[in-house]
Structures are given as structure tokens and as C-alpha cells.
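Visitor: I am new to this structure and would like a close look at one part of it. Please show me the model before we begin.

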Amino acid sequence: MTSPTFHSLFSMKSLFLPLLPLQIRYFQLFHSHPMNPKIISNQCHHLRLKPSQTSCSRSYATMPSKGPVLPAAEGRSLCGEIHVIIGPMFAGKTTALLRRIQLAVDSGRRVAIIKSDKDNRYGLDSVVSHDGAKMPCFAVPELSVLRSKMGDEDYNMLDVIGIDEAQFFEDLYDFCHIAADHDGKTVIVAGLDGDYLRRKFGSVLDIIPLADSVTKLNSRCELCGRPAFFTLRKSDQTETELIGGADVYMPVCRRHYISGQAVIESTRFILEAKKIEPYSEAAPLSNF
Ligand SMILES: Nc1ncnc2c1ncn2[C@@H]1O[C@H](COP(=O)(O)OP(=O)(O)O)[C@@H](O)[C@H]1O
Ligand SMILES: Cc1cn([C@H]2C[C@H](O)[C@@H](COP(=O)(O)O)O2)c(=O)[nH]c1=O
């Protein structure tokens with residue numbers, strides 16, 4: 001695997017310089033694109049405390065005595081943050097994640113981006129948006145391996161962790177909880193809230209109660225151009241996890257999700273019926 005070392009991510013500023021035109025491109029895209037981010041936010045008005053006041057042992061002291069009180073990591077503020085970006089495919093989640101990571105890099109913060117190693121669409125060493133904007137990343141089977149992959153020392157120095165394709169990580173809740181509440185990291189999570197059947201996908205919705213902010217993005221319906229909140233799967237495969245892009249999925253509005261899903265289901269029904277009763281003179285295709 002060609003994952004970048006932490007040190008290469010550490011010096012991301014130099015890595016990003018060649019990306020600058022692309023960055024500008026997706027900055028413009030983000031601001032001018034018709035997609036309309038709706039922000040649902042438990043706006044957390046962070047008190048900017050002096051370093052001596054930022055120990056979470058102080059914050060935890062205000063917690064009920066039951067419940068885990070985690071010891072403070074040495075020398076770090078324990079008041080991390082969790083920001084969640086959700087929406088259907090093609091809504092700009094990866095673009096928004098990369099934009100926020102870029103802002104963190106520009107302000108001198110140390111960052112790492114993680115994606116699931118299940119998503120091998122563009123190779124495993126980068127997070128890539130549908131528009132081609134990209135940044136180096138760690139591709140891991142589960143989030144808990146990040147620390148061992150980077151080493152404790154490098155992990156401890158991280159300020160911001162970006163997670164893309166969060167729906168594929170089973171340990172999302174535990175990782176975000178530890179990273180933000182114990183280790184003082186800012187965690188930015190991007191992922192699908194729902195699958196192609198509009199069921200909750202993985203643990204993305206489970207971390208909403210942990211989050212400082214939740215941003216729900218939408219795309220544009222491929223069939224009518226209205227705001228799209230759902231992802232329609234164009235193929236007849238039924239497994240929940242199926243890696244793919246515009247070849248397999250399209251963003252749709254509610255009306256076209258319902259009609260599209262009906263077409264797909266009846267097509268599947270017809271094809272399955274055909275498997276049982278092969279074409280014969282008695283049952284000509286035109287009867288369908
Ligand atoms: N139906 C579509 N097919 C392919 N690309 C699309 C489609 N709709 C939007 N896009 C592009 O995808 C971009 C968003 O990409 P990305 O940030 O990777 O989205 P997400 O991570 O939410 O899937 C949009 O800015 C737009 O240019
Ligand atoms: C709806 C849906 C999607 N997937 C897969 C398809 C892609 O590989 C990712 C989503 O990528 P994006 O960055 O949000 O465009 O998830 C899936 O496995 N199952 C589904 O139902």
C-alpha cells in the first residue's frame with residue numbers, strides 16, 4: 001500500500017502548492033455551485049479559554065460522577081470538536097471536507113485525512129472528489145488502526161482529522177468520541193447518511209449527538225434539476241455496500257426517487273419472472 005507517511009502529510013503545505021489551481025477551482029465551485037447547504041447546527045459557542053484553562057479534566061469535572069472520566073493527554077487541550085457533513089452522493093461532501101482541511105492547513109494546523117480502504121475508485125493514497133480535487137490520505141480498514149499506523153508521537157501532534165466515506169467505518173462512534181473528547185482533536189466527518197434505499201447507512205447518524213455541527217448538503221436531481229436529497233442506484237444489485245460513481249448511482253429529488261425506484265423494482269421483478277419462465281410462444285415478451 002502506498003499510504004503517505006505522517007511526515008509527508010505533515011508537510012502538506014508543500015504538497016498542496018501544486019494543487020493550488022485546483023483548490024481555487026473548487027473554492028469557486030463551492031461558492032458558485034447551485035447546491036445549497038442547509039446547516040442544522042447545535043451551534044456550539046466555544047469559549048476561547050487560555051491554554052491553562054483548556055484541560056478537559058476541568059470540563060469533565062462538571063460531568064456527573066458516573067460515566068467515564070478519561071485522563072487528559074499530556075500538554076493538549078482536550079476540548080476537541082466534531083463536525084459532520086452528510087447528504088446524498090454528488091452533494092459536495094468530499095469537496096467540503098477538503099475545503100475545511102485546506103483551511104486548517106492554511107492556518108498552520110496539523111492534519112491527516114482518512115478514508116476507507118473499501119473505496120478503491122481512485123487508488124488508495126488520495127481522497128478524490130467527483131470533480132477531481134484531491135488530497136493525500138490514509139486508507140484504512142477501520143479507524144482504530146490510524147494511531148498504530150502513524151505512531152503515537154505523530155498522532156498526538158495532530159490537530160485535525162478528516163474522515164471521508166464515514167459510512168464504511170464500523171468504529172466511527174468510538175473513534176470520534178475518543179479523538180475529540182479525550183485526545184482534543186477536531187474531527188471533520190463526511191459521509192452518506194442514507195443508502196440507496198434511504199435506510200441509515202453505517203454509524204454516520206449515530207455520531208450526530210456527539211457533533212458540534214451537522215451540515216446536510218444536497219445535489220441536483222439528474223432528471224429534473226431540482227434539489228436532490230437521495231441517491232438512486234441504477235443497477236439491480238441489492239447489497240448495501242457497492243462501490244461506484246455516476247456509472248451506478250445518480251442524485252435525485254423525492255419525486256424521481258419514488259418513480260425511479262418503482263421502475264427499478266418492477267424491472268427486477270420482470271427479469272426474475274423471466275428467469276423462472278423462459279421466453280416461449282405462450283408468454284411473449286410484449287405481455288410485459
Ligand atoms: N450527477 C452527477 N454526476 C457526476 N458528477 C456530479 C453529478 N452531480 C454533481 N456532480 C459533481 O460532483 C461534485 C461534488 O463532488 P463530491 O464533493 O465528490 O461529492 P460527494 O462527496 O458528496 O459525492 C459537484 O460539484 C458536481 O460538479
Ligand atoms: C448510495 C450508496 C453508495 N454506496 C457507495 C458508492 C460510493 O462508493 C460511496 C459514496 O461515495 P460519495 O463520495 O458519497 O459519492 O458509497 C454504497 O456502497 N451503497 C449505497 O447504498
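Does Ser219 count as buried or exposed, and why? Please take me from there to the surroundings of the ligands.

Guide: This is a predicted model, and we can begin with the residue that you name. Ser219 counts as buried because its relative accessibility is 5%, and buried means under 20%. Ser219 is found in strand E10, which covers residues 219-220. From there the side chain of Ser219 reaches the backbone oxygen of Phe90 at a distance of 2.8 Å. As a second point of reference, Tyr173 is 46 residues from Ser219 in sequence, and the C-alpha atoms of the two are 26 Å apart in space.

Phe90 leads us on to ligand 1, since a polar backbone atom of Phe90 is 2.8 Å from an oxygen atom of ligand 1. Two side chains also take part in polar contacts there: a polar side-chain atom of Lys93 lies 2.8 Å from an oxygen atom of ligand 1, and an N or O atom in the side chain of Asp131 is 2.6 Å from an oxygen atom of ligand 1. Taken alone, ligand 1 exposes 580 Å², and the protein buries 80% of that area. Around ligand 1 there are 16 residues, of which Lys93, Thr95, His130, Asp131 and Glu222 come nearest. Helix H5, residues 93-106, gives the largest share of this shell, with 3 residues, and by class the shell divides into 6 nonpolar, 7 polar and 3 charged residues.

His130, which is listed among the nearest residues of ligand 1, is also listed among the closest to ligand 2, and here we can follow it across. A polar side-chain atom of His130 lies 2.7 Å from an oxygen atom of ligand 2, while a polar side-chain atom of Arg121 lies 3.2 Å from an oxygen atom of ligand 2. In addition, a nitrogen atom of ligand 2 is 3.4 Å from an N or O atom in the side chain of Tyr249. On its own, ligand 2 has 490 Å² of accessible area, and the protein covers 98% of it. The elements that give two or more residues to the shell around ligand 2 are H5 and strand E12, residues 230-233. In that shell, 20 residues surround ligand 2, and the closest are His130, Glu165, Tyr196, Thr240 and Leu242; by class, the shell has 8 nonpolar, 6 polar and 6 charged residues.

Note on methods: Residues are numbered from 1 along each chain as its sequence is written. Chains are lettered from A and ligands numbered from 1 in the order in which they are written. This is a predicted model: local features need pLDDT of at least 70, side-chain atom pairs count only at pLDDT 80 or more; totals for chains, interfaces and linings use all residues. Side-chain values use heavy atoms; hydrogens and water are left out. A residue is near a molecule or strand if one of its heavy atoms lies within 4 Å of it. A polar contact is a pair of N or O atoms within 3.5 Å; within protein, one must be able to donate a hydrogen and the other to accept it, and residues adjacent in sequence count only if both atoms are side-chain atoms. Accessible areas come from the Shrake-Rupley method with a 1.4 Å probe; for residues, only the protein chains shown count as cover. Helices (H or I, at least four residues) and strands (E, at least two) are DSSP runs, numbered from the N terminus. Ala, Val, Leu, Ile, Met, Phe, Trp, Tyr, Cys and Pro count as nonpolar, Asp, Glu, Lys and Arg as charged, and the others, Gly among them, as polar. Buried means under 20% relative accessible area, exposed over 50%, partly exposed in between (1.4 Å probe, protein chains only).
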